[in-house]
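Hi,

Here is the structure I promised to pass on. Have it open while you read, and my notes will be easier to follow.

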Number of protein chains: 4
Amino acid sequence: MPKDHFSCPIEVRYGDLDPQGHVNNAKFLTYFEQARINYFVHLGLLNKAQAFIDVGIIVADIHVTFLAPVLFGYEVRVGVQVTRLGNKSLTVTYRMVESVSGIDLAAGSSVLVTFDYHKNETVPIPDVWREKINAFEGLDQNKINT
Amino acid sequence: MPKDHFSCPIEVRYGDLDPQGHVNNAKFLTYFEQARINYFVHLGLLNKAQAFIDVGIIVADIHVTFLAPVLFGYEVRVGVQVTRLGNKSLTVTYRMVESVSGIDLAAGSSVLVTFDYHKNETVPIPDVWREKINAFEGLDQNKINT
Amino acid sequence: MPKDHFSCPIEVRYGDLDPQGHVNNAKFLTYFEQARINYFVHLGLLNKAQAFIDVGIIVADIHVTFLAPVLFGYEVRVGVQVTRLGNKSLTVTYRMVESVSGIDLAAGSSVLVTFDYHKNETVPIPDVWREKINAFEGLDQNKINT
Amino acid sequence: MPKDHFSCPIEVRYGDLDPQGHVNNAKFLTYFEQARINYFVHLGLLNKAQAFIDVGIIVADIHVTFLAPVLFGYEVRVGVQVTRLGNKSLTVTYRMVESVSGIDLAAGSSVLVTFDYHKNETVPIPDVWREKINAFEGLDQNKINT
């Protein structure tokens, strides 16, 4: 998965499978979520131990294209990339592949909105998030201010 | 939810909630899936006892827009509508509402591909499916042959 | 299920099934949990909208005996009974049956510990819990003080 | 976890957490199941790609003792040990620990019954299972024939 700056493995669990013997479609969102959180932890923006008290990220929209069934025993890897930094929202894209065979399993994207749970309102993306993501992804300024 | 010909209740489980105290985003696909299956059972196209041996439905694409957090205690209802019948695929749309308040919780759609697991290939939508869905939804012929 | 004072239906979801075509064993705990919460709501001890901020119930121990596979389409009903009220813990027993056939699906029990999250310590069962549960179950005083 | 001959890591997923911010109690069975399957794969008794067509293992009974809440970011490791090989059933015990701190998180056991899905009846544990497990665990003959 050379185009992504970040990717992480996800272990397929027997409990993720449905009667068709494949990973159930809903679990793809679980895999994307886990990879997305690992991405933010990797960038130093989230701390696993306490992040979810203050994190203020709301998933507003999700799109998934299923490219191949995901079987038990697959070495799944999910690539994560922030492709848009707006004012109060960002877009994250995902690619799921089987590491051994290189088969593309799924592609997806989600729109996340930054939210202050204390004020109960949307807020601009914090500057530190903007800076670290921009540095990591090499987003150009025109793109990130869209 | 007057525009949908079919809708069904989904009980929010405590086990569906995540640390934010809301139904986790991945569970929306579980709710949609359950409502979609109930729709096909309602139309007499699936038998719950044995349907998933032969069903031959593959989820190819899913889109979800999250409109409001779903809380424990909500009376959730999911409306299902088939909005497109292609040759080897169909589009299903979903609306999730809170029944008491009428709040819109989510909207979504999925593209399903009809698949023969014995032949291991995509197949045309069976005629009986086409007829029953067409009759139920009142899809016009131009639309359903797209 | 005549011996239980309280029981509630649980809808089997397609997403609860595993490749054997049965409800996965882990989901039995989800079903028990949902029925247990519905029991406490029924007794007026929990409010679904806000209960899980203060609830202070910790699951300390669980035992499940699986009596029959649970299939899609089953009308599942879970009976809940508090069978012991100790000082800082209580025992809840469960019976899962298929309503149409009357087949016993599972039996189980869990030990719950009452916990104060503000003080971060176990606390005695609140008097109002003790009174309402005792009244509902008709537990005798010898039994409930064990 | 020095006493177990086999243990494996389980990544805690955000999707495993419930509103208390801990791994939900039902997920402990998912973790045990995953570790148990990895154990059988490790011993060469299961093939991840096709095992669950023929596997013929039924979970008959489960017991879990919850020792500490499992938090996001924990390095969870589950130890698995077969402690009894009967005629048509075996007992598997589990220990879940946090690898960094060494904190005990949970202990459990399950009784598994060997089942032939073609004949639809319980069957004796296959000799190859008995031999490999016995060799791996060093169970003595008196014990394994109980």
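Let's start where two chains meet: V64(A) has I62(B) as its bridge partner in β2(B). Keep in mind that this is a predicted model. That pair belongs to a longer stretch, since strand β2 (residues 57-66) of chain A and β2(B) are antiparallel and share five bridges.

Now zoom out to the whole contact between these chains. Chain A puts in 17 residues and chain B puts in 16 residues. On the side of chain B that touches chain A, α1 (25-42) and β2 (57-66) of chain B each give at least two residues. The largest share there is from β2(B), with eight residues. Sorted by type, that side of chain B has nine nonpolar, four polar and three charged residues.

How do chains C and A relate? A turn of 180° with a shift of 0.0 Å along the axis lays chain C on chain A, with an RMSD of 0.0 Å. That is why you can call it a two-fold axis. The same surface serves both copies, as 100% of the contact residues of chain C recur in chain A.

Next, have a look at strand β3 (residues 75-85) of chain D. Is this strand mostly covered or mostly open? It is mostly covered, with eight of its 11 residues buried. β3(D) pairs with strand β1 (residues 6-11) of chain D through six bridges, antiparallel, and E75(D) in β3(D) is the bridge partner of E11(D). β3(D) also runs antiparallel to strand β4 (residues 89-98) of chain D, joined by nine bridges. In that pairing, V80(D) sits opposite Y94(D) of β4(D). A hairpin of three residues links β3(D) to β4(D).

Happy browsing!

Terms used
Residues are numbered from 1 along each chain as its sequence is written. Chains are lettered from A and ligands numbered from 1 in the order in which they are written. This is a predicted model: local features need pLDDT of at least 70, side-chain atom pairs count only at pLDDT 80 or more; totals for chains, interfaces and linings use all residues. A residue is buried if 20 or more other C-beta atoms lie within 10 Å of its own, exposed if 12 or fewer, and partly exposed in between; C-beta atoms are placed from the backbone. Helices (H or I, at least four residues) and strands (E, at least two) are DSSP runs, numbered from the N terminus. Two strands pair if DSSP finds at least two bridges between them. Copies are superposed by least squares on the C-alpha atoms of residues with pLDDT of at least 70 in both. Two residues are in contact if their C-beta atoms, placed from the backbone, lie within 7 Å. Ala, Val, Leu, Ile, Met, Phe, Trp, Tyr, Cys and Pro count as nonpolar, Asp, Glu, Lys and Arg as charged, and the others, Gly among them, as polar.
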